[in-house]
Amino acid sequence: MNNSLTKLKIIVSSILSTLMVMLVLNACDTGSSTSVPSATSSSEPSMATTAPPIDIDITTEATTGAVSTPVPTELVLVEPFETNPPNTAYQPVSTDQTRAPGAMTQTAYSVTILTDSLVSPWAIAALPDGRFVVTEKAGTMRITTADGTHSEPIGGFPEVDDRGQGGLLDVAISPDFASSRMLYFTLAESTAQGSLTAVGRGRLSDDESMVESFEIIWRAIPYFDNSAHFGSSLAFDQDGNIFVTTGERSDLSTRPNAQLLDNGYGKVVHITPDGAPVPGNPFVDVPGALPEIYSYGHRNIIGLAIHPDTGEVWIAEMGPRGGDELNLIEAGGNYGWPTISYGIEYSGDPIPGGLTVMDDMEQPVYYWDPVLAPGGMTFYTSGVIAEWQGNLFIGGLGSKRISRIVLDNNRVVAEEWLLVDEGQRFRDICEGLDGALYAVTDDGLLYRIG
Ligand SMILES: [Ca+2]
């Protein structure tokens with residue numbers, strides 16, 4: 001790890017119609033990067049315009065002479081990034097369902113560590129004024145500026161179960177935040193009966209010292225006493241309602257609940273800002289079903305993003321060993337867990353049944369084996385890096401990377417691995433008002449990528 005709080009890594013590449021030049025420079029990285037030439041130390045935290053002298057690694061492809069204006073929106077495909085063998089011999093239902101071709105971003109962008117002093121950050125969301133709210137697992141949040149300066153911990157939350165995978169989890173900014181100052185959260189609520197995934201909301205006080213009048217508005221019943229598979233993320237849809245993701249609590253006794261509609265485990269739910277079922281939800285007329293449920297048969301969902309144009313609901317969920325999934329959520333859909341999966345038990349045994357396909361169960365758009373271990377994710381909307389528009393960026397935990405997913409007609413056409421040399425568990429990622437991506441890691445780092 002470099003001593004400086006700020007690491008500047010600049011990847012510059014330009015694609016000409018017949019000439020591809022890639023420049024890789026690394027201004028003050030003393031880490032383990034293998035693709036980057038010897039680094040030059042710098043304490044300069046600013047961007048490319050003030051970068052120190054650099055070593056440049058140039059790869060030139062065959063040229064036939066004609067040179068045109070760089071077109072950084074062109075998708076350049078390379079070999080798939082994944083080269084490790086899968087855990088299983090399962091076959092995808094279509095060739096584009098896993099191990100997509102690799103993509104290489106052609107636009108110049110920089111990677112900067114803005115701070116390393118967050119404490120187990122779990123989620124990041126952009127405020128309308130350009131700052132960010134960052135939740136911390138133990139039950140606090142902070143407000144950070146786009147240059148990485150952050151507040152002291154902000155409290156006001158109920159007791160959270162922060163053992164294992166629990167804690168204060170995701171945060172979403174109310175669409176009317178500018179007037180209401182309301183923030184919405186998911187958390188592992190801690191009670192004498194055990195814990196569960198809950199949705200709560202509160203008002204950011206005028207002096208930003210606390211979250212006021214916090215109240216829990218929805219609970220993924222029942223309570224259970226363990227520390228795993230809480231999910232959970234939440235996001236506002238285009239109508240101002242909220243999608244929430246949960247997990248099935250991991251235990252072999254709770255896992256079957258993902259297939260049952262009488263509980264909140266392993267679900268995508270759709271609630272109003274007051275926590276009520278959204279009218280028109282798919283199971284409102286089914287006796288015994290929780291009317292909040294939107295889809296079911298999920299294992300443990302942290303990644304959630306609403307498509308900025310279509311309003312479609314996309315999730316990334318943790319599979320077992322192999323079998324992490326990217327899913328496009330349909331109302332009422334059964335996403336199969338634990339009946340079908342492209343993964344196996346951590347022990348190496350098949351998931352009981354050993355099936356990957358079943359009638360009336362949804363197939364993942366894409367799956368990872370070996371796993372990505374997907375954290376939070378976001379669609380990129382800015383025109384600042386035009387070739388990223390409409391791409392999905394997913395934080396990788398166990399895989400220690402950010403995956404850029406290029407979609408076309410709701411199929412995955414390419415996957416690029418970003419920040420693989422950083423060695424960080426990327427917990428969440430969001431887009432800032434400046435068109436850069438901001439990502440937090442379990443070690444407390446905040447990255448700016450753009
Ligand atoms: Ca599935």
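**Exercise 1. Determine which residue of β9 stands opposite Thr135, and describe the surroundings of strand β8.**

Solution. Thr135 stands opposite Met141 in β9. The model is a predicted one, in which local features need pLDDT of at least 70, side-chain atom pairs count only at pLDDT 80 or more, and totals for chains, interfaces and linings use all residues. Residues are numbered from 1 along each chain as its sequence is written. Helices (H or I, at least four residues) and strands (E, at least two) are DSSP runs, numbered from the N terminus.

Step 1: the β9 side. Strand β9 comprises residues 140-144 and runs antiparallel to β8, with 5 bridges joining them. Two strands pair if DSSP finds at least two bridges between them. The hairpin of β8 and β9 has 3 residues between the strands, and Gly139 takes a positive phi near 120° there.

Step 2: the β7 side. Strand β7 (residues 121-126) also pairs with β8 in the antiparallel sense, over 5 bridges. Ala126 is the residue opposite Phe132 of β8. In this hairpin, 5 residues lie between β7 and β8, and Gly130 in the turn has a positive phi of about 95°.

Step 3: burial. A residue is buried if 20 or more other C-beta atoms lie within 10 Å of its own, exposed if 12 or fewer, and partly exposed in between, with C-beta atoms placed from the backbone. Strand β8 (residues 132-136) is mostly covered, as 5 of its 5 residues are buried. Phe132, Val134 and Glu136 point one way from the strand, while Val133 and Thr135 point the other way.

**Exercise 2. Describe the pairing and the burial of strand β6.**

Solution. Step 1: β6 spans residues 109-115, and 7 of its 7 residues are buried. Step 2: β28 (residues 446-449) is antiparallel to β6, and 4 bridges join the two. Step 3: the bridge partner of Val111 in β28 is Ile449.

**Exercise 3. Establish the strand order of the open sheet of 4 strands.**

Solution. Step 1: the order is β10-β11-β12-β13, with antiparallel pairing. Step 2: β10 (168-173) and β13 (211-219) are the edge strands, each pairing on one side only. Step 3: neighbouring strands are turned by 30° against each other on average, direction ignored; the axes are lines fitted to C-alpha atoms, for helices over the stretch in contact, and angles run from 0 to 180 degrees between N-to-C directions. Step 4: β10 and β11 (residues 182-191) pair over 4 bridges, and Leu168 has Leu187 of β11 as its bridge partner.

**Exercise 4. Explain why Trp314 counts as buried, and list its contacts.**

Solution. Step 1: Trp314 is part of strand β19 (residues 313-317). Step 2: Trp314 counts as buried because it has 23 C-beta neighbours inside 10 Å. Step 3: two residues are in contact if their C-beta atoms, placed from the backbone, lie within 7 Å. Leaving aside residues up to four places away in sequence, Trp314 touches Ala305, His307, Leu326, Leu328 and Leu392. Step 4: 5.8 Å separates the C-alpha atoms of Trp314 and Leu304, which are 10 residues apart along the chain.

**Exercise 5. Characterise the largest nonpolar core and the protein as a whole.**

Solution. Step 1: a nonpolar core is a set of buried Ala, Val, Leu, Ile, Met, Phe, Trp, Tyr and Cys residues joined through C-beta atoms within 7 Å. The largest has 99 residues, and those with the most contacts inside it include Ala125, Phe243 and Ile429. Step 2: among the residues that Ile429 touches, beyond four places in sequence, are Met377, Phe393, Ile402 and Tyr438. Step 3: the protein has 1 helix and 28 strands, and 45% of its 450 residues count as buried.
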